[in-house]
Amino acid sequence: MRKQIAAANWKMNLTIQQGEQLLNDIIAKPHDLKSHQLAVFAVPFPYLSMAVQKFAGKSNVFIAAQNCSNKKNGAYTGETSVEILQSVGIQYVVLGHSERREYYLESNQFLAEKLDICLANNMKPIFCCGEPLAIREANTQNEFVAKQLNESLFHLTAEQLQEVVIAYEPIWAIGTGKTASSAQAQEIHAFIRSHIASKYGNTVADSISILYGGSVKANNAVELFSQPDVDGGLVGGASLIAEEFVAIINALK
Ligand code: PEP
């Protein structure tokens, strides 16, 4: 079975004390990760080491950065390289979140550079894609998402692509309380998988985890995750509440 993943995206929220308390609360609640299930916590940079230590020795739990540099190292003030992240035990990084695309003008081409540097160095990217409301209203979301995939991912080898987790996040559903219906999520996830298959073949496409993101909560996770092409979620707001996120972990297939 493909990996099923509950990924928390804390964004720029919580102090380190609040973050540590949240992780303690999550650890204290019953949650049972099967061998094909992962929990990932994308926490602010200064909390990475704390979070890594918190889950030391626990299998199937990973800490992620929310971004990384497209450069290997050097005079890039304020940036954080893959090598720096790995030196504190990080194995996953979120790339191309719509907030980074919108506020920091990250383009598909720029994200391709970040993917390259991650994959050349065994860092696993969680690559975000998804359309704004106007595109959904014009019913051109498939073309929009296909372009994001083509321009950021489709230069990769099949082996490299299989290291990537894709997170489909319709921008109109992020932090808005509006969730794509499970049918809408399944439809575009199936499209993403078929688009990958058209270039890389079914075996590769079937092996890639595609997460849904956009107002995933405890009360909609079971239905969303039960869709055949939805392999878990990337979760913002609800990942800041221990009971909510544990219920989301427990909703994984
Ligand atoms: C996100 O941050 O990627 C996200 C989907 O946020 P929310 O769950 O709050 O919509």
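Is Ser98 buried or exposed? Keep that question in mind while we look at the whole chain; the tour comes back to this serine shortly.

**The whole chain**

Start with everything shown as a cartoon. This is a predicted model, and its protein chain holds 12 helices and 8 strands. The radius of gyration is 17 Å, close to the 18 Å that the globule rule gives for 253 residues, so the chain is as compact as a globular protein of that length. If you draw a box along the principal axes, the C-alpha atoms fill roughly 45 × 45 × 35 Å.

Now switch on a surface. About 11,000 Å² of the protein chain is exposed, and carbon and sulfur atoms supply 52% of that area. Buried residues account for 53% of the 253 residues. As for how the chain meets itself, take the contacts between residues at least 6 apart in sequence: 73% of them join residues at least 24 apart.

Colour by charge next. You should find 20 positive and 24 negative side chains, with the centres of the two sets 3 Å apart.

**Stop one: Ser98**

Select Ser98, which sits in helix H4, spanning residues 98–103. Here is the reply to the opening question: Ser98 is buried, with a relative accessible area of 11%. Leaving aside residues up to four places away in sequence, Ser98 touches Ile171 and Ile174, so show those two isoleucines as sticks as well.

**Stop two: Leu105**

Follow the chain on to Leu105, in the loop between H4 and helix H5 (108–119). What is phi here? For Leu105 the angle is near 55°, a positive value in a residue other than glycine. That deserves a second look, because most residues other than glycine have a negative phi. In the surface view, Leu105 is exposed, at a relative accessible area of 70%.

**Stop three: the cysteines**

Select the cysteines and display their sulfur atoms. How many disulfides are there? The count comes to 0. Cys118 shows why: its closest cysteine sulfur, in Cys68, is 3.7 Å away, too far for a bond, given that a disulfide needs the two sulfur atoms within 2.5 Å. Cys118 is also buried, with a relative accessible area of 0%.

Move to Cys129, which is in no disulfide either; the nearest cysteine sulfur belongs to Cys128 and is 7.6 Å away. Cys129 is buried too, at a relative accessible area of 3%. Keep Cys129 on screen, as it returns at the last stop.

**Stop four: Asn139**

Go to Asn139, in the loop between helix H6 (133–137) and H7. Phi of Asn139 is near 60°, again a positive value in a residue other than glycine. With 54% relative accessibility, Asn139 counts as exposed, since the cut-off for that label is over 50%.

**Stop five: Gln148**

Finish in helix H7, residues 141–152, by selecting Gln148. Gln148 is buried, with a relative accessible area of 5%. Which residues does Gln148 touch, not counting those up to four places away in sequence? Show Arg101, Asn108, Phe127, Cys129, Gly130 and Leu153 as sticks and you have the set.

Two of the names in this set tie back to earlier stops. Cys129 is the buried cysteine from stop three, and Asn108 falls at the start of H5 (108–119), the helix that follows the loop of Leu105.

Terms used:
Residues are numbered from 1 along each chain as its sequence is written. This is a predicted model: local features need pLDDT of at least 70, side-chain atom pairs count only at pLDDT 80 or more; totals for chains, interfaces and linings use all residues. Side-chain values use heavy atoms; hydrogens and water are left out. Helices (H or I, at least four residues) and strands (E, at least two) are DSSP runs, numbered from the N terminus. The radius of gyration is taken over C-alpha atoms; the globule rule is 2.2 Å times the number of residues to the power 0.38. Buried means under 20% relative accessible area, exposed over 50%, partly exposed in between (1.4 Å probe, protein chains only). Contact means heavy atoms within 4.5 Å. Accessible areas come from the Shrake-Rupley method with a 1.4 Å probe; for residues, only the protein chains shown count as cover. Lys and Arg count as positive and Asp and Glu as negative; His and the chain ends are not counted. The place of a charge is taken as NZ of Lys, CZ of Arg, CG of Asp or CD of Glu.
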